[in-house]
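Me: I've got a model open and want to talk through one acidic side chain and then the overall fold. Can you take my questions one at a time?

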Amino acid sequence: MAFQRIVFMQGEDAQEALDILDNDGTDAAIEYLAQWDMEPGEIEDESAAGTDDDVYQSDDGYILTYNTRLGYIGLERQV
């Protein structure tokens with residue numbers, strides 16, 4: 001299995017995406033972050049998700065990883 005990195009945000013840069021996640025849920029956060037899915041990104045053999053991350057996979061192959069305690073959020077796609 002391979003994963004295409006789309007976007008990773010942390011700190012102040014992640015605040016809007018984390019607010020969307022908190023207020024509107026995972027699908028809304030994916031929709032917001034998917035706007036950066038315009039060109040081929042890095043392809044990796046493993047997901048970027050860490051052991052302390054919350055992970056949500058959408059039906060269309062997007063994988064949302066986030067840690068609200070540490071203030072970051074990322075989106076990748078299974079390819």
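Me: Which backbone nitrogen does the side chain of aspartate 53 reach?
Reply: Quick caveat: this is a predicted model, where local features need pLDDT of at least 70, side-chain atom pairs count only at pLDDT 80 or more, and totals for chains, interfaces and linings use all residues. Residues are numbered from 1 along each chain as its sequence is written, and side-chain values use heavy atoms, with hydrogens and water left out. At 2.7 Å, the side chain of aspartate 53 reaches the backbone nitrogen of glycine 50.

Me: Which side chain shares a polar contact of 2.3 Å with aspartate 53?
Reply: A polar contact is a pair of N or O atoms within 3.5 Å; within protein, one must be able to donate a hydrogen and the other to accept it, and residues adjacent in sequence count only if both atoms are side-chain atoms. For aspartate 53, the partner at 2.3 Å is tyrosine 72.

Me: How far from aspartate 53 is the nearest side chain of opposite charge?
Reply: Aspartate 53 is buried (under 20% relative accessible area, 1.4 Å probe, protein chains only). No salt bridge (a side-chain nitrogen of Lys or Arg within 4 Å of a carboxyl oxygen of Asp or Glu) is present for aspartate 53. Arginine 69 is that nearest opposite charge (Lys and Arg count as positive, Asp and Glu as negative; His and the chain ends are not counted), at 7.6 Å.

Me: What share of the protein chain's 79 residues is buried?
Reply: The C-alpha atoms fill a box of roughly 30 × 25 × 20 Å along the principal axes. Of the 79 residues, the buried share is 39%.

Terms used:
Buried means under 20% relative accessible area, exposed over 50%, partly exposed in between (1.4 Å probe, protein chains only).
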